[in-house]
Amino acid sequence: MKKIKISQFIFSIFVLLWLIPWSFAQQRETQPVEFRKISDNLYETIGGSGARGGAYIGDNGVLIIDAKMDKNSVDQVIEGVKQITDKPIMYLVDTHSDGDHVWGNQFFPETVIFVAHENCRKDFFLTKGDGSPSDWSKPELAPFIPSLTFQNKLKIYLGTKKVEIWYFGIGHTTGDIVIYFPEEKTAFLGDQIFLTRAQLIHSHKGGNSFEHSKTLVKMLETLDAEHFCSGHSEMTDRKGIKNQIDKMKKCQAKVEDLIEENKTLEEIQKEFEENEARLVEVIFNEIKKGMNKEK
Ligand SMILES: [Zn+2]
């Protein structure tokens with residue numbers, strides 16, 4: 001009898017230990033969507049399930065940046081827009097193809113025009129890690145896959161208001177774009193920038209850390225943007241972007257040096273912070289394949 005009680009006690013502790021982090025994660029995920037004002041027309045959409053995005057109110061309609069990843073969050077975005085304007089949502093721009101940015105596409109009205117880079121659209125159809133087809137290949141989801149794509153630059157006019165959508169090259173994936181609002185001097189970068197943890201580079205989507213730095217440099221040279229919004233961290237300025245480029249270059253140089261010393265990947269990873277392990281592995285593989293060399 002006593003034995004059963006002890007085992008029950010141990011079981012309860014296990015359940016508790018399992019539930020505590022899970023409930024914290026739930027709390028984080030269910031933060032309500034907040035519209036943070038940048039100007040009368042431009043807002044950052046923070047919270048909900050999925051990445052941060054944005055909303056831009058034009059003369060005749062609204063453009064949304066990234067879609068969150070569940071119906072509840074999308075409903076909150078749609079409701080939030082209604083609180084600001086009675087203009088319809090005309091466009092939804094996907095910064096890239098990751099689920100936390102695009103899975104919510106399907107919960108927007110079918111009348112919305114979905115916009116993305118041509119490579120991002122291709123990534124919607126990538127087979128999963130286990131070889132099974134992408135969920136986006138289901139016919140019922142077809143209306144929510146980007147239908148308006150571009151290669152280098154696209155301008156969308158919402159009446160007199162202009163939105164510039166730029167492609168500066170490979171980085172986090174091969175299909176990451178920058179949505180630029182000239183009046184606000186504000187650019188939305190999606191996952192091209194992470195400030196509070198190591199940069200994600202998706203090799204399986206053609207991402208490349210060495211190209212990533214070049215792409216960000218090109219963006220700074222091209223745009224006179226002063227504010228940069230990220231999918232996963234607070235807004236930053238030009239200095240913040242330059243710091244990230246420097247950080248990446250230092251990380252790459254250190255990995256290169258350690259490879260020269262014939263260290264293994266595991267040994268090299270130990271020389272970095274734990275959250276940098278994935279990035280270090282990506283850089284390691286790129287160097288081994290000679291992808292760090294100028295073509
Ligand atoms: Zn993301």
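These legends walk through several close-up views of a predicted model.

Residues are numbered from 1 along each chain as its sequence is written. Local features need pLDDT of at least 70 and side-chain atom pairs count only at pLDDT 80 or more, while totals for chains, interfaces and linings use all residues; side-chain values use heavy atoms, with hydrogens and water left out.

**View 1. The seven-stranded sheet, with a helix lying across part of it.**
Seven strands line up in the order β1-β2-β3-β4-β5-β6-β7 to make an open sheet with mixed pairing. The edge places go to β1 (34-37) and β7 (148-150), and since each has a single partner strand, one side of each is left without a neighbour in the sheet. From one strand to the next, the twist averages 25 degrees. Helix α2, residues 71-84, lies across β1, β2 (42-46), β3 (53-57), β4 (62-65) and β5, and runs at about 45 degrees to β1. A few ground rules: helices (H or I, at least four residues) and strands (E, at least two) are DSSP runs numbered from the N terminus, and two strands pair if DSSP finds at least two bridges between them. Axes are lines fitted to C-alpha atoms, for helices over the stretch in contact, and angles run from 0 to 180 degrees between N-to-C directions.

**View 2. Strand β4 and its partners.**
Here β4 pairs with β3 in the antiparallel sense over four bridges, and Tyr56 has Leu63 of β4 as its bridge partner. Getting from β3 to β4 takes a hairpin of four residues. With β5 the story is parallel, again over four bridges, and Val62 is matched with Ile89 in β5. Both faces of β4 are covered: Val62 and Ile64 on one side, Leu63 and Ile65 on the other, are all buried. Buried means under 20% relative accessible area, exposed means over 50%, and partly exposed is in between (1.4 Å probe, protein chains only). Moving along the sheet, β5 (residues 89-93) and β6 (residues 113-117) pair in the parallel sense over three bridges, with Ile113 in β6 as the bridge partner of Tyr91.

**View 3. The five-stranded sheet.**
This open sheet also has mixed pairing, and its order is β8-β9-β10-β11-β12. At the edges stand β8 (153-158) and β12, each with a single partner strand, so one side of each is left without a neighbour in the sheet. Neighbouring strands are turned by 20 degrees against each other on average, direction ignored. Strand β11 (residues 186-188) and β12 pair in the parallel sense over three bridges; look for Thr186, whose bridge partner in β12 is His227.

**View 4. Helix α5 and what covers it.**
Helix α5 (residues 209-222) has 14 residues and reaches 20 Å from its first C-alpha to its last, close to the 20 Å expected at 1.5 Å a residue. That expected span is 1.5 Å times one less than the number of residues. Asn208 caps the N-terminal end, with a side-chain oxygen 2.7 Å from the backbone nitrogen of Phe210. Buried residues of α5 include Phe210, Leu216, Met219 and Leu220. Among the elements covering the buried residues of α5 are β10 (178-181), β12 (227-229), α6 (238-260) and α8 (277-288).

**View 5. The loop between β12 and α6.**
Thr236 sits in this loop and is buried, at a relative accessible area of 13%. Leaving aside residues up to four places away in sequence, Thr236 touches Leu195, Glu226, His227, Phe228 and Ile241, where contact means heavy atoms within 4.5 Å.

**View 6. Salt bridges that link distant parts of the chain.**
A salt bridge is a side-chain nitrogen of Lys or Arg within 4 Å of a carboxyl oxygen of Asp or Glu, and by this rule the count comes to 15. Glu234 and Arg52 meet at 2.8 Å, N to O. Glu234 is in the loop between β12 and α6 and Arg52 in the loop between β2 and β3, 182 residues apart. Glu234 is partly exposed at 40%, whereas Arg52 is buried at 16%. Salt bridges that share partners join Glu34, Arg36, Glu44, Arg52 and Glu234 into one network. Asp59 also forms a salt bridge, with Lys161, the closest N and O atoms being 3.8 Å apart. Asp59 lies in the loop between β3 and β4 and Lys161 in strand β9 (residues 161-166), so the pair ties together parts that are 102 residues apart in sequence.

Technical notes: Polar contact = N/O pair within 3.5 Å; in protein donor to acceptor, adjacent residues only side chain to side chain.
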